Amino acid sequence: MFVVLSLLSQAMAAPISHYDPAIHDLYQYDATVTKADPATPVAYNTSAIPDGYDFTGVNVRDRRFNNRSPHVSSSTDINDYNSGYVAIVMVSPQHALVSAHYIDAVPSQMNAVEFMADDGHKVVLEGVSSDIVGPDLKLITFSEPLPEDAGIAVYSKFIDYATLPVSGMVFGVDSQGRMLPRRAVHYWEPYNEEWSFVHTPFGPITDHLGVIFSGDSGTPLFIADYTGQNYFLGTAYDSDRKIGPEVVANINALTALSGYSVEQVDYPYAPVDFDLDGRVTSADLSLLLGAWGTSDETADVNGDGVVDGGDFGVFLGYW
Ligand SMILES: [Ca+2]
Ligand SMILES: [Ca+2]
């Protein structure tokens, strides 16, 4: 089994040698994206992410979108307001996590954050937590819950990083608002509560990748499970920041005042995800077939002592 896994890892280790928007962008954009005039995404790019992942629920558009940077000309277009922000993650309809050093450094931008409902009324920023709720994290509160028609994705379930599968893919947002595979979990050290990432299967950080993964401070990180469900993992700044039980408790102490709570969950891996990449794919099927007829405990998912059709039936249940 481990030999097969090793070969699979090598086969996947194809680094990105150049940046191609048609391949690497989560959304397709107008061709005129610039720093001064970021374009609105025009379509979902299904080739931007590996097979088996689905980030259609991630609401990410161009940077500085919902703080109405000077490039926005219309004050009545809902799409000029309602979008993800690279340093913000909504954790309830009324709360968002922001990068603490970022909100302290550029309060003028943060104070301008506002959203618009279909009827034209706007939801504005009401307050910022005075305390840091987690590693480089503050919580901001809006004047009222955002209406459902605002189209803002809320990530109220945080993955317990202690349960991340080794080789699980982590996705980040770059400074153009693009969702990109960012890195893979390398190891988890439970005793020291340390984790590590490696930049496979996309290779180590190079000058090329430094451009691609140029997310601003507080870049949200997400991970997807085998069902395609997306979870918030934390924010990237300096070293990657973890969201653990203490952070979740701090957040809940503040959001509870408005009637909302967030949840920390274990990574819901499938028992037939043999290569632990968060997906059930043909790679896992190959590993099952490779152990066929043996007593391999990993592949014997129904626990009857042999890898056979019974385990294949379980496998199909997760396909
Ligand atoms: Ca798998
Ligand atoms: Ca079996």
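Two strands count as paired if DSSP finds at least two bridges between them, and the exercises below apply this to a predicted model.

**Exercise 1.** Find which residue of strand 4 stands opposite S92, and describe how strand 3 and strand 4 pair.

*Solution.* Begin with strand 3 (residues 88-92), which pairs with strand 4 in the antiparallel sense over four bridges. Within this pairing, S92 stands opposite H95. Finally, follow the chain from strand 3 to strand 4, where a hairpin of two residues makes the connection.

**Exercise 2.** Work out the strand order of the open sheet, and explain why one side of strand 3 and of strand 5 is left without a neighbour in the sheet.

*Solution.* On its other pairing, strand 4 meets strand 7 (residues 137-142) in the antiparallel sense over five bridges, with A96 and I140 as bridge partners. Strand 7 is also joined to strand 6 (residues 122-128), again antiparallel, by three bridges, and here V128 stands opposite I140. The open sheet of five strands therefore reads 3-4-7-6-5, with antiparallel pairing. Strand 3 and strand 5 (114-116) stand at the edges and have a single partner strand each, so one side of each lacks a neighbour in the sheet.

**Exercise 3.** Decide whether the residues of strand 4 are buried or exposed, and consider both faces of the strand.

*Solution.* A residue is buried if 20 or more other C-beta atoms lie within 10 Å of its own. In a regular strand, side chains alternate between the two faces of the sheet. On one side H95, L97 and S99 are buried, and on the other A96 and V98 are buried too. Because five of the five residues of strand 4 (residues 95-99) are buried, the strand is largely enclosed by the rest of the structure.

Technical notes. Residues are numbered from 1 along each chain as its sequence is written. Chains are lettered from A and ligands numbered from 1 in the order in which they are written. This is a predicted model: local features need pLDDT of at least 70, side-chain atom pairs count only at pLDDT 80 or more; totals for chains, interfaces and linings use all residues. A residue is buried if 20 or more other C-beta atoms lie within 10 Å of its own, exposed if 12 or fewer, and partly exposed in between; C-beta atoms are placed from the backbone.
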